[in-house]
Amino acid sequence: MEAHAQPAAPQLPGLDAPYWPERFERYYRQQGAWTGETLDACIARHAGHTPERIALTDGERSLTYAELHSRCNQLADGFTRLGLRPGDRIVVQLPNVLEFIETTFALFRLGVVPVFALPTDRRNEITHIVQASKAVAYLIKDHALGFDYREIARELQTLPDAIRHVIVLGEAAEFTPYASLYGRDLPVPATDSRAPALITLSGGSTAMPKLILRRHDDYLYSIRVSASICQLSPQSVYLCVLPAGHNFTLSSPGFIGTLLAGGRVVMQADPSGSACFASIAREGVTFTALVPSLAQAWLHAPRQHDLSSLRFLQVGGARLSDEVAARLSESFDFTLQQVYGMSEGLVCYTDLKGDLDQLLHTQGRPMSPLDEILVVDDDDLPVAVGQPGHLLVRGPYTIRGYLDAPQQNARAFTADGFYRTGDVVCLREDGYLVVTGRHKDQVNRGGEKIAAEEIEGHLLAHPGVLEAAVIGIPDPHLGERTCAVLVVAPGQGCDTATLKAHLQARGVAAQRIPDQFQWLPSLPKTTLGKTDKKVLRQQFAA
Ligand code: J2J
């Protein structure tokens with residue numbers, strides 16, 4: 001008999017957030033997966049036990065756990081004074097700087113939900129993210145990599161339902177200076193572990209990226225298991241190279257996992273091999289995470305530094321070719337770890353002490369015994385072991401639906417709650433997965449996921465473009481590059497320069513603009529009358 005009924009789990013005002021059915025929730029708690037702890041609790045814990053230990057550094061500035069803990073309280077006070085309340089959303093678009101991490105934990109503590117945008121996102125992407133999440137605030141750096149983010153903020157303010165607050169790290173101009181947020185170091189009331197913790201963006205195969213809401217319980221579980229598989233300890237030092245707001249860097253086990261273990265995080269602004277090598281030697285980095293194109297670049301970077309502290313290198317986000325895997329593993333002393341994950345949940349790892357065959361030829365195995373994996377044919381019927389099929393997954397850290405997207409959810413999830421990953425995989429006898437293809441209409445450009453439909457929509461907005469198909473074609477450096485195949489009206493000047501300028505003017509981020517344009521008199525069609533991208537891929541891959 002229950003003495004007290006549980007109060008209802010906190011919701012996100014204004015957004016429909018699908019969650020696990022109660023029976024699963026009970027089960028995951030019973031199994032000890034969901035513990036009732038919040039993501040920020042580790043900071044207070046380490047600040048209590050090892051206050052003087054360094055938690056973060058960027059090579060110039062460092063914060064101890066005690067300082068990080070105190071700054072989280074001070075920032076929470078500042079966000080509160082601005083008027084932000086638990087459940088409110090704030091779009092966070094920062095490069096890899098210390099403030100990224102202190103802000104993230106301050107927001108976790110306060111219950112205000114960060115929506116993580118990538119530093120390369122531009123007006124087009126940010127407008128969508130702000131509107132879809134109904135965000136009330138936008139946190140940016142004044143400029144980074146030659147771009148002034150305040151320009152986006154100014155454009156956002158001209159929209160109906162404009163965001164209420166723009167907070168700027170650096171030169172704030174007419175906006176709120178980040179430094180003014182540091183307030184009183186007061187304890188913050190505890191947050192419910194069932195409360196919304198953060199929002200990331202799906203790679204997207206639909207017109208615009210969908211929002212992925214994670215709560216403390218499920219996210220912390222995925223991080224705890226990841227940290228354990230990666231054998232993290234207080235001696236672990238993580239070099240945060242990929243954008244900090246991506247699921248891989250946040251949670252697999254990423255910077256949150258490192259801090260959970262009491263380790264140290266090194267924020268890396270410059271992802272080039274030589275800059276990373278210098279940081280590894282200087283800071284005694286023990287592990288880091290890269291996408292395949294960056295890992296490949298490491299093979300060619302000059303090696304003037306001592307890399308002996310590096311125990312393992314994670315590679316994921318896109319398929320690592322068996323050849324590059326072999327070369328990485330031969331040319332460096334550290335262990336290679338393949339990571340196949342998705343912001344929607346499921347993450348697979350190869351074993352750090354596993355055999356070479358698994359390490360070089362598979363993308364790992366699901367990290368939790370509670371992950372339910374199905375590999376099915378086009379009719380959702382299981383295929384034989386070792387045969388390629390669509391990967392479906394359900395589990396204690398895989399979402400049950402995108403935020404506020406009932407129509408997409410009906411397609412992306414089965415009736416019994418399995419997520420359709422859109423990936424084609426083979427499940428081997430030993431339980432390891434090999435990613436062999438992709439069913440979703442998406443280009444994976446060096447780990448960056450680009451929804452074909454979104455770019456096609458922008459292209460079709462040009463009056464001279466009659467038909468557009470965006471496809472990925474094999475590229476030796478990026479894995480895939482983006483190719484737009486077009487049917488255009490004569491005499492409208494739809495050449496490469498015009499189309500690139502058109503996309504730029506629509507605020508499309510540079511890395512989402514097609515690398516290559518092709519023109520055809522008409523596009524090939526399937527029997528159903530849809531554009532036959534298979535034929536196009538074959539034609540242009542050559
Ligand atoms: C092939 N395809 C892969 C891999 C991801 C850890 C690691 C990566 C992500 C991520 C992540 C792949 N081989 N090793 O969130 O926590 C492709 C698949 C997948 C999609 C997810 C994490 N690793 N992919 O990449 O949400 O197509 O997450 O469904 O950005 O990337 O993309 P994303």
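In this predicted model, a polar side-chain atom of Lys-449 lies 2.9 Å from an oxygen atom of the ligand. Taken by itself, the ligand would expose 620 Å², and the protein buries 97% of that. Two elements give two or more residues each to the shell around the ligand: helix 8 (247-251) and strand 16 (335-342). Strand 16 is the top contributor, with 4 residues.

As for who sits in that shell, there are 20 residues around the ligand, and His-246, Ser-252, Ser-343, Asp-423 and Lys-440 come nearest. Sorted by character, the shell splits into 7 nonpolar, 9 polar and 4 charged residues. Lys-449 is not the end of the story for polar contacts. His-246 puts a polar side-chain atom 2.8 Å from an oxygen atom of the ligand. With Ala-318, it is the backbone that takes part: one of its N or O atoms lies 3.4 Å from a nitrogen atom of the ligand.

Next come the aromatic rings. Rings were paired when their centres lie within 6.5 Å. By this rule the model holds 23 aromatic pairs. Take Phe-105 and Phe-108: their ring centres are 5.7 Å apart and their planes meet at 85°, so this pair counts as edge-to-face. Both residues belong to helix 4 (residues 98-110), where they are 3 residues apart, or about one turn of the helix. Phe-105 and Phe-108 are also both buried.

Another edge-to-face pair is made by Tyr-402 and Tyr-419, with 6.5 Å from centre to centre and 85° between the planes. Here the partners come from distant parts of the chain, 17 residues apart. Tyr-402 is in the loop between strand 20 (388-394) and helix 14 (406-412), while Tyr-419 is in strand 21 (residues 419-427). Like the phenylalanines of helix 4, Tyr-402 and Tyr-419 are both buried.

Some rings join up into a bigger group than a pair: Tyr-19, Trp-20, Phe-24, Tyr-27, Tyr-28 and Trp-34 are linked into a cluster by ring pairs. One member of this cluster, Tyr-19, also has a charged neighbour, since the charged end of Arg-215 sits over the Tyr-19 ring, 3.8 Å from its centre. A similar arrangement turns up at Phe-147, where the charged end of Arg-122 sits over the ring, 3.7 Å from its centre.

Technical notes: Residues numbered from 1 in each chain as written. Predicted model: local features only at pLDDT ≥ 70, side-chain atom pairs only at ≥ 80, totals over all residues. Heavy atoms only, no water. Phe/Tyr/Trp six-rings, centres within 6.5 Å; stacked < 30°, edge-to-face > 60°. Buried < 20%, exposed > 50% of the residue type's maximum accessible area, 1.4 Å probe, protein only. Lys NZ or Arg CZ within 6 Å of the ring centre and 35° of its normal. Near = heavy atom within 4 Å. Polar contact = N/O pair within 3.5 Å; in protein donor to acceptor, adjacent residues only side chain to side chain. Areas by Shrake-Rupley, 256 points an atom, 1.4 Å probe, with all protein chains shown as cover. Nonpolar A, V, L, I, M, F, W, Y, C, P; charged D, E, K, R; others polar.
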